[in-house]
Amino acid sequence: MNLPIDRRSFLNLLAKGVLAGSGIWLCPSLALCKTAFDYALEGQDLIASKSYEKAVNVLQEAVRLDSKSDWAYGLLGRAYYGLNKKAEAVDAFRQAVRLNPGDTYSRMMIDIITQKPIPKLKKLKQPPTHLEREAEAEEKRMSTQLQSKGELAYQVNRVVIDAGHGGFDSGAVGLSGLKEKDVTLDIARRVHERLSRERSIKSFLTRMDDYYIPLSDRTVIANQYQADLFISIHINANENRKPHGSETYFCAGKASSKEAERVAAFENSVLKYDKPYKKKPGYIDIEGILFHFERKLYWEESGKFAKRYQERFRTELPLKNRGVHSANFFVLRTAKMPSILLELGFISNQEDERMLRQREFREKIAKAVVKGILL
Ligand SMILES: [Zn+2]
């Protein structure tokens, strides 16, 4: 047998017993025998445990040893992103995409990072600019147009389904230990599965597994997919175990009630973990100014969707109808499309929680959500 042999193959051989009695001895230092694959694997674990600094070091070694590994570059991008080193992250993701154009995750990350409104100027207190006046006129025009068309102005073809919470953020937890993040993911997957069977609809999920996505990234994803509708799935909770039933929310500057304000505060509470974006002086957010006007129209449409959904839930689900409400939900605020947030039962209520545990019940919910889109 000829040396050198890498560690992985060595261990494989060892496992098979080939080396027994062959006289080959393990490298004195295992590190010397590490391959790019080993480093990348180690980097992946370090990212999972949020040791981004160490992950960067290890992954740099991985790409040094194998400059053709799109996987290692993708991981390096994630590690840099974890350190908030956005320029480096974009660089690494770009390299991953160059090596593997089918790497949609890295592609998406580049868009997420570069699409973010980096800086924002203090509130403009001058009289409305030419651009603002134009936007206002456009808003009025669109508003009359929308109203004249009655119920909804267009057909929904692209939907983004957002499973609330995930990863370290469990959301609300029921008496028996049922976690909101698990229920929302399961329902979102079922909705996605059902929608995938519909020819006229393209459906996307913001998260496919149990991991955390910052609230702002969820709408960036929806904007990137150019969705016609964004549905964020949640399960409600209250300190009092009595409240039960379903509610549908849409975004508004002001909450429609104290209770709506409380729900939004809970759903927004995870924001404290998201890193704020550094603002560069001198930046004028033109798009933001225009969007400010556009947004009102989306919210109006969202209200119509919300009513339609709550009506579906009232007739199709064995949950008490708690109506349609509005509040300032961060996850809905920057969506460039109508967006709604569903609170499908109370995990804090014993009977609702019992139902939410059942597969059949989740399937029933998924069916009702899909019907709301197709109508
Ligand atoms: Zn929630």
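Me: What makes His 165, Glu 180, His 234 and Glu 267 donors of the zinc ion?

Reply: Donors have to be N, O or S atoms within 2.8 Å of the metal (3.2 Å for Na, K and Ca). Here His 165 (NE2), Glu 180 (OE), His 234 (ND1), Glu 267 (OE) and Glu 267 (OE) sit at 2.0 to 2.5 Å, so they qualify under the 2.8 Å limit. Water is not among the atoms, so a site may look incomplete. Bear in mind that this is a predicted model: local features need pLDDT of at least 70, side-chain atom pairs count only at pLDDT 80 or more, and totals for chains, interfaces and linings use all residues. Numbering starts from 1 along each chain as its sequence is written, and side-chain values use heavy atoms, leaving out hydrogens and water.

Me: How do you know that the site links distant parts of the chain?

Reply: The donors follow the spacing H-x14-E-x53-H-x32-E. His 165 and Glu 267 are 102 residues apart, with His 165 in the loop between β1 (158-163) and α8 (180-196) and Glu 267 in helix α10 (residues 258-268). Helices (H or I, at least four residues) and strands (E, at least two) are DSSP runs, numbered from the N terminus. Both His 165 and Glu 267 are buried, meaning under 20% relative accessible area with a 1.4 Å probe, protein chains only (exposed is over 50%, partly exposed in between).

Me: Why is the space lined by His 165, His 234 and Glu 267, among others, called a cavity?

Reply: On a 1 Å grid over the protein atoms alone, a cavity is a set of points where a 1.4 Å probe fits but cannot get out, and lining residues have an atom within 4 Å of a point. The structure holds one of 30 Å³ or more, with about 40 Å³ of space. That volume is the space filled by probe spheres set on the points, which are joined across faces, edges and corners. α9 (215-224) and β3 (229-236) each supply at least two lining residues.

Me: What makes Lys 50 stand out just after α2?

Reply: Most residues other than glycine have a negative phi. Lys 50 has a positive one, about 65°, although it is not a glycine. Lys 50 lies in the loop between α2 (36-48) and α3 (52-65), and at 52% relative accessibility it counts as exposed.

Me: How do you know that the span of α2 agrees with what a helix should have?

Reply: The expected span is 1.5 Å times one less than the number of residues. For the 13 residues of α2 that gives 18 Å, and the end C-alpha atoms are 18 Å apart, so the two agree.

Key: 1 Å grid on protein atoms, 1.4 Å probe; cavity = no way out; pocket = protein on both sides within 12 Å on 5 of 7 lines; lining within 4 Å.
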